[in-house]
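Colleague: Please take a close look at one part of this model for me, namely the links that side chains make with one another. I would like one connected account, with the surroundings of each partner described as you go.

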Amino acid sequence: MAVAGLGVRFGSGVVALGRVDLEFAPGAFTVLLGPSGAGKSTLLRCLNGLATPTAGHVLGPDGTPIARRLRAHRRETGMVFQQHQLIGRLSAMENVLIGLLGQRGGWRALMPASRAERERALDALDRVGLLDRALTRADALSGGQQQRVGIARALVQRPRLMLADEPVASLDPVTAAKVLDLLARICREDGITAIVSLHQVDFARRYADRIVALAAGAVVFDGPPERLAQDDIARIYGSSPTAAVSEEEYA
Ligand code: ADP
């Protein structure tokens with residue numbers, strides 16, 4: 001997985017990312033840090049083809065541009081969101097099964113889940129420790145449990161790549177640590193390449209194999225957690241949180 005010369009400029013003129021080059025090693029757990037507005041979500045959305053670059057390329061694990069095989073790339077990519085985006089009136093299991101819809105395509109998406117698919121969903125719920133809650137409505141689960149269902153929904157796809165955008169931002173610190181523990185352990189066990197944005201530096205240090213920090217659409221730190229020093233943190237978060245790179249830098 002890599003991005004080469006990746007740039008995103010929105011119609012409004014805001015440059016969210018300016019010519020970013022990054023390579024993500026298979027199986028590594030990379031944490032994206034940076035102030036609000038730095039471009040983390042935009043980078044994650046580009047990695048899944050949800051945002052369209054205005055410059056450069058996103059290359060899939062096999063080195064071909066994802067734009068050429070977008071459907072296949074999305075099937076291989078699990079997404080975990082801050083607000084987990086579960087459907088509250090559906091059970092945990094039904095929410096996990098939604099993760100498999102993209103694998104079916106066309107009219108098959110309208111058919112009831114097969115026995116094999118239901119077993120896969122239960123297996124994913126088991127991995128996140130929620131097998132006993134499979135039939136519980138999602139809106140009756142705690143915030144941490146809901147995010148674990150969100151992880152199971154991504155996991156059921158058997159992804160090669162896991163993208164998570166501030167997956168623990170709405171959880172208390174103890175629950176957040178448990179959810180991140182789980183996410184990091186599963187990705188490690190399954191050899192899944194993970195790219196996770198966080199706003200807590202201490203969590204980044206604890207879970208990341210590598211930290212990439214963005215500020216104003218540019219990479220301002222890239223290295224192992226033990227190299228992230230106090231002055232790097234000041235540099236990352238010291239820049240104006242909403243500033244985007246200037247048109248000149250982008251050109
Ligand atoms: P982060 O995830 O680090 O908070 P984002 O990627 O969400 O940063 O945003 C980067 C910049 O792009 C910000 O200046 C933001 O306001 C802008 N931006 C994000 N999405 C859009 C959009 N759809 N239209 C216009 N500007 C956007």
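Modeller: Counting disulfides in this predicted model gives zero, as no pair of cysteine sulfur atoms meets the cut-off of within 2.5 Å. Two cysteines can nevertheless be placed with respect to the surface: Cys46 has a relative accessible area of 1% and is buried, and Cys187 is buried too, with a relative accessible area of 1%.

Charged side chains are another matter, for the count of salt bridges comes to ten. In general, side chains of opposite charge can pair when their charged atoms come close.

I would begin with Glu189, whose side chain meets that of Arg127 in a salt bridge with an N to O distance of 3.1 Å. This pair links distant parts of the chain, since Arg127 belongs to helix α5 (residues 115-127) and Glu189 to helix α7 (residues 173-190), with their positions 62 residues apart in the numbering. Arg127 is classed as partly exposed at 26% relative accessibility, and Glu189 is likewise partly exposed, at 49%; because the buried class is kept for values under 20% and the exposed class for values over 50%, Glu189 falls in between.

Glu189 also forms a salt bridge with Arg185, and here the closest N and O atoms are 3.5 Å apart. Arg185 and Glu189 are four residues apart in helix α7, which means that about one helical turn separates them. Arg185, at 40% relative accessibility, counts as partly exposed. Taken together, Glu189 is bridged to Arg127 in helix α5 and to Arg185 within helix α7.

A further salt bridge involves strands: the side chains of Asp222 and Arg210 meet at 2.8 Å, N to O. Asp222 lies in strand β9 (residues 218-223) and Arg210 in strand β8 (residues 210-215), so this salt bridge ties together parts of the chain that are twelve residues apart in sequence. The two partners fall into separate accessibility classes, because Asp222, with a relative accessible area of 32%, is partly exposed, whereas Arg210, with 17%, is buried. For Arg210 the deciding point is the cut-off, because a residue is called buried when its relative accessible area is under 20%.

Finally, salt bridges also join residues into a network, and its members are Asp62, Arg69, Glu76 and Arg160.

Notes. Residues numbered from 1 in each chain as written. Predicted model: local features only at pLDDT ≥ 70, side-chain atom pairs only at ≥ 80, totals over all residues. Heavy atoms only, no water. Salt bridge = Lys/Arg side-chain N within 4 Å of Asp/Glu carboxyl O. Helix = DSSP H or I, 4+ residues; strand = E, 2+ residues; numbered from the N terminus. Buried < 20%, exposed > 50% of the residue type's maximum accessible area, 1.4 Å probe, protein only.
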